[in-house]
Amino acid sequence: MLASSLNSITRAASLSRSSFSSCSPSSSSSSSSKAAFLYSSKKTQFFSSGFVGKTDKIIVGKSKSKKLLSTSSMTTADASKYTIADQPLRFANGKKENNTRMLDIDAIYDGSFLKGKRVLVTGANRGIGLALAKELNDKGAFILGTCRKTSDDLSALSNTQVIENCEITDEKSIANAFKEITEPVDIVINNAGYFYEPLETLDSMNFEEELKMIDICAVGPLRVVKVLRDMKLLKTDGTCKIAMITSQGGSISWREVQNPDGHDYGHHMSKAAANMGSKLLAQELKKEKIAVQILHPGFNKTGMTQKYEKIWEIEGAVDASVGAKRVMHEISLMDVDKYNGLFINCEDGLQIPW
Ligand SMILES: NC(=O)c1ccc[n+]([C@@H]2O[C@H](COP(=O)([O-])OP(=O)(O)OC[C@H]3O[C@@H](n4cnc5c(N)ncnc54)[C@H](OP(=O)(O)O)[C@@H]3O)[C@@H](O)[C@H]2O)c1
């Protein structure tokens, strides 16, 4: 299985690179001298998908390198709580271990908790947001689907209030749109996000786009929560949950593995800032008994990741309907007193190091 993955990786590596993922040695492989890992046959260096030069050949070897990268100083006990940075290896391991949590979310997910709940989803018109709205609809929730402009798919859903003209970079726009909400919500899913299409390197930096990503992905969700709270639209009975959809791209610890050559400055900065904002939110809101969890939704086949289409299958990308169930499963587990303020990978339910 690994050999066939490698063929695909070798194929894909020369085609594109993924900012959502990588095919370099994982933190777990670096902690075990027995773990198989990928390295260049030409030099001891680690690659992420597409960073592999055309003349480099990827082979499988044992961990003998002196330069193995550790993504954190975790203890062994801590490591069991954490997922690994190397996405292709994570996915290959999941298949090898027949990991039900990763491969068959239907086998463990129970969405019955959503029945009758009022759930606000930002960016509900397409991608993961639309898939979340459809899943909520399927489980009998009432959806408040916010967007800048609706889509046919969103408008076609029953039990849904479509809230248009909600531009999350503009507090007034949000406040105006939320005037349409008549009762407090049980769950908020801050999903809307933006990933500038071209690769950002020192030679191709786009500062305007960087600030736009930070505005949308990091500050936008805070605006949404602030306005909802100001307008008394968050349930205050101790059961309210806020899911912050960020990304593994926001993990600073994982950059050595996932971005050995840097790049994608704006996107990853925006998600790291989103993580920080979300953690602070979790700290501030816990006294109000509002739970906040920080969720990487996994690698999903959406418009945002279309540019990585060639590595979708290698790196375990799923249809957004599957990603939506994984997100909902994690939301079902949220608990302000026991399981809160954590950065979770919805693919396997394990934590991602900051
Ligand atoms: N797909 C993945 O594999 C993946 C992996 C990690 C994290 N994520 C995160 O998951 C979330 C959803 O991603 P996706 O793949 O579904 O992306 P997508 O298909 O590109 O959808 C992005 C959504 O965000 C909305 N949005 C963008 N800018 C906005 C703004 N200024 N105000 C209001 N809404 C705005 C878009 O609305 P418009 O239609 O109006 O543009 C759209 O609904 C994002 O936060 C993303 O970073 C995704």
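Two strands are said to pair here if DSSP finds at least two bridges between them. In this predicted model, strand 3 (residues 118–122) and strand 6 pair in the parallel sense over three bridges, and valine 119 stands opposite isoleucine 187 in strand 6.

**Overall make-up**

The chain holds twelve helices and eleven strands, and of its 354 residues 48% are buried. Among the contacts in the chain with a separation of 6 or more, 73% are between residues 24 or more positions apart.

**Strand 6 and its partners**

Strand 6 also pairs with strand 7 (residues 241–245), again in the parallel sense, and this pairing runs over four bridges. Isoleucine 187, which stands opposite valine 119 in the pairing with strand 3, stands opposite lysine 241 in strand 7. Between strand 6 and strand 7 the chain passes through helix 9 (residues 207–230), and the resulting β-α-β crossover is right-handed.

In a regular strand the side chains alternate between the two faces of the sheet. In strand 6 (residues 187–190), Ile187 and Ile189 point one way while Val188 and Asn190 point the other way, and all of these residues are buried.

**Surroundings of the ligand**

The shell around the ligand comprises 29 residues, of which Gly123, Gly127, Gly193, Thr302 and Met304 come nearest. By class, the residues of this shell divide into twelve nonpolar, 13 polar and four charged. Helix 6 (residues 127–138) supplies the largest share of the shell, namely three residues.

**Helix 12**

Helix 12 (residues 320–333) has 14 residues and reaches 20 Å from its first C-alpha to its last, which is close to the 20 Å expected at 1.5 Å a residue. The helix is mostly covered, with ten of its 14 residues buried. Those buried residues include Ala320, Val322, Gly323 and Ala324, and the list also holds charged side chains, among them Lys325, Arg326 and Glu330.

**Tyrosine 265 and two residues with positive phi**

Tyrosine 265 is found in helix 11 (residues 265–285), and it counts as buried because it has 21 C-beta neighbours inside 10 Å, where the cut-off for a buried residue is 20 or more. Leaving aside neighbours within four places in sequence, tyrosine 265 is in contact with Glu200, Met205 and Glu210. For glutamate 210, which lies 55 residues from tyrosine 265 along the chain, the separation of the two C-alpha atoms is 7.3 Å.

Aspartate 264 lies in the loop between helix 10 (255–258) and helix 11, and its phi is near 50 degrees, a positive value in a residue other than glycine. A positive phi, near 50 degrees, is likewise found for asparagine 159, which is in the loop between helix 7 (152–155) and strand 5 (160–163). Is each of these loop residues buried or exposed? Aspartate 264 is buried because 24 other C-beta atoms lie within 10 Å, whereas asparagine 159 is exposed because its count within 10 Å is 11, and the cut-off for an exposed residue is 12 or fewer.

The table sets out the neighbour counts for the residues treated in this section.

| Residue | C-beta neighbours and radius | State |
|---|---|---|
| Tyrosine 265 | 21 inside 10 Å | buried |
| Aspartate 264 | 24 within 10 Å | buried |
| Asparagine 159 | 11 within 10 Å | exposed |

How values were computed:
Residues are numbered from 1 along each chain as its sequence is written. This is a predicted model: local features need pLDDT of at least 70, side-chain atom pairs count only at pLDDT 80 or more; totals for chains, interfaces and linings use all residues. A residue is near a molecule or strand if its C-beta atom, placed from the backbone, lies within 6 Å of it. Helices (H or I, at least four residues) and strands (E, at least two) are DSSP runs, numbered from the N terminus. A crossover is right-handed if, with the strands pointing away from the viewer, the path from the first strand over the helix to the second runs clockwise. The expected span of a helix is 1.5 Å times one less than its number of residues. Two residues are in contact if their C-beta atoms, placed from the backbone, lie within 7 Å.
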